[in-house]
Amino acid sequence: MAISGICAAFLDIGAATAMPENMTVDRLLAICEAPNVQVATIQGDKLGWQRLTDAETEEWRAHFVGYNGGSVEAVGWRRESADQSDLLSFWIATGPNGHKACTYSTTKPAGLLDALSAVLGTPDTRNKEDAVEMISAYWKRGEVEYSFTQIGSSATIAVGPSR
């Protein structure tokens with residue numbers, strides 16, 4: 001009885017730590033501002049989301065390499081449930097258009113723009129189009145650009161080099 005109770009306790013602890021984490025701005029920036037793919041992978045895996053396989057990213061990678069003319073290292077994660085879908089990608093490209101970038105998209109963006117603004121400050125630009133239910137915001141902080149676009153109930157955040 002005592003052993004089964006201990007085993008049940010370990011299983012409960014394992015289940016609690018294996019539960020996918022919700023995205024926060026701090027988590028997002030820890031991944032997006034990583035210096036390389038290895039660090040981004042470590043940070044992203046802490047979310048507990050399903051990592052995208054090479055097969056899932058191969059078409060994107062082939063098109064990107066064709067456009068960029070150099071190589072690209074990429075990693076991504078997905079979380080899907082009955083009421084929410086999230087996708088996060090991080091990549092570093094070499095070649096004529098070498099850069100580091102990151103994108104996050106979600107179907108549950110409530111409070112995300114406010115949370116970004118709390119960390120990044122007032123956006124450099126902010127637009128709202130009621131007719132198409134769109135909100136966009138942009139920040140340039142040093143050599144990095146942050147953009148937020150929400151259309152309806154879906155939002156995307158992109159972090160990349162300033163132009």
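## A hairpin to start with

Let's begin with a turn you can find by eye: strand 7 and strand 8 make a hairpin with 2 residues between them, and glycine 152 in that turn has a positive phi of about 60 degrees. Keep in mind that this is a predicted model. The two arms of the hairpin, strand 7 (residues 144-151) and strand 8, pair in the antiparallel sense over 8 bridges. If you want one pair to look for, try tyrosine 146, whose bridge partner in strand 8 is valine 159.

There is another hairpin to look at, made by strand 3 and strand 4. This one has 5 residues between its strands, and glycine 95 takes a positive phi near 115 degrees. Strand 3 and strand 4 are joined by 8 bridges and run antiparallel. Here you can spot phenylalanine 90 standing opposite cysteine 102 in strand 4.

## The whole chain at a glance

Now zoom out. The chain has 5 helices and 8 strands. Reading from the N terminus, the elements go α-α-α-β-α-β-β-β-α-β-β-β-β. There are 163 residues in the chain, and 34% of them count as buried. What share of the contacts with a separation of 6 or more comes from residues 24 or more positions apart? Those residues account for 45% of such contacts.

## Putting the sheet together

In which order do the 8 strands sit in the open sheet? The order is 1-2-3-4-8-7-6-5, with antiparallel pairing. At the edges you find strand 1 (50-51) and strand 5 (125-129), and each of these pairs on one side only.

Look at the spot in that order where strand 4 meets strand 8. Strand 4 (residues 99-106) and strand 8 (residues 154-161) run antiparallel and are joined by 5 bridges. Two of the residue pairs here are worth finding: threonine 103 has alanine 158 as its bridge partner in strand 8, while threonine 106 has alanine 155. Further along, strand 6 (residues 134-141) pairs with strand 7 in the antiparallel sense, over 8 bridges. Methionine 134, for instance, has isoleucine 151 in strand 7 as its bridge partner.

While you're tracing strands, here's a handy rule: in a regular strand the side chains alternate between the two faces of the sheet.

## Helices lying across the strands

Helix 2 (residues 25-32) lies across strand 2 (72-80), strand 3 (85-93), strand 4, strand 7 and strand 8, and it runs at about 25 degrees to strand 3. Helix 4 (residues 54-68) lies across strand 1, strand 2, strand 3 and strand 4, running at about 145 degrees to strand 2.

Helix 2 also meets another helix. Two packed helices are described by the angle between their axes and the distance between the axes. The axes of helix 2 and helix 5 (residues 112-120) come within 10 Å and cross at roughly 65 degrees. Helix 2 and helix 5 are therefore roughly perpendicular to each other. The residues that meet are Val25, Asp26 and Leu29 from helix 2, with Leu112, Ala115, Leu116 and Val119 from helix 5.

## One side of helix 3

Which residues of helix 3 (residues 37-45) are buried? They are Val37, Ala40, Thr41 and Gly44. These residues cover an arc of only 100 degrees around the axis, so they end up on the same side of helix 3. The general idea is simple: an α-helix has 3.6 residues a turn, so residues three or four places apart point the same way. The buried residues of helix 3 pack against helix 2, strand 1, strand 2 and strand 3.

At the N-terminal end of helix 3, asparagine 36 acts as a cap. One of its side-chain oxygens lies 3.1 Å from the backbone nitrogen of glutamine 38.

## Two residues to click on

Aspartate 86 sits in strand 3. Is aspartate 86 buried or exposed? It counts as buried because its relative accessibility is 1%, under the 20% cut-off. Its side chain and that of tyrosine 104 are joined by a polar contact of 2.5 Å. Leaving aside neighbours within four places in sequence, aspartate 86 is in contact with several residues, including Trp49, Trp77 and Arg79.

Leucine 47 is in the loop between helix 3 and strand 1. With a relative accessible area of 2%, leucine 47 is buried too. The C-alpha atoms of leucine 47 and glutamate 21 are separated by 4.8 Å, although the two residues are 26 residues apart along the chain.

Definitions and conventions
Residues are numbered from 1 along each chain as its sequence is written. This is a predicted model: local features need pLDDT of at least 70, side-chain atom pairs count only at pLDDT 80 or more; totals for chains, interfaces and linings use all residues. Side-chain values use heavy atoms; hydrogens and water are left out. Two strands pair if DSSP finds at least two bridges between them. Helices (H or I, at least four residues) and strands (E, at least two) are DSSP runs, numbered from the N terminus. Contact means heavy atoms within 4.5 Å. Axes are lines fitted to C-alpha atoms, for helices over the stretch in contact, and angles run from 0 to 180 degrees between N-to-C directions. Buried means under 20% relative accessible area, exposed over 50%, partly exposed in between (1.4 Å probe, protein chains only). The arc is that of the directions from the helix axis to the C-beta atoms. A polar contact is a pair of N or O atoms within 3.5 Å; within protein, one must be able to donate a hydrogen and the other to accept it, and residues adjacent in sequence count only if both atoms are side-chain atoms. Angles under 35 degrees count as roughly parallel, over 145 as roughly antiparallel, 65 to 115 as roughly perpendicular and the rest as oblique.
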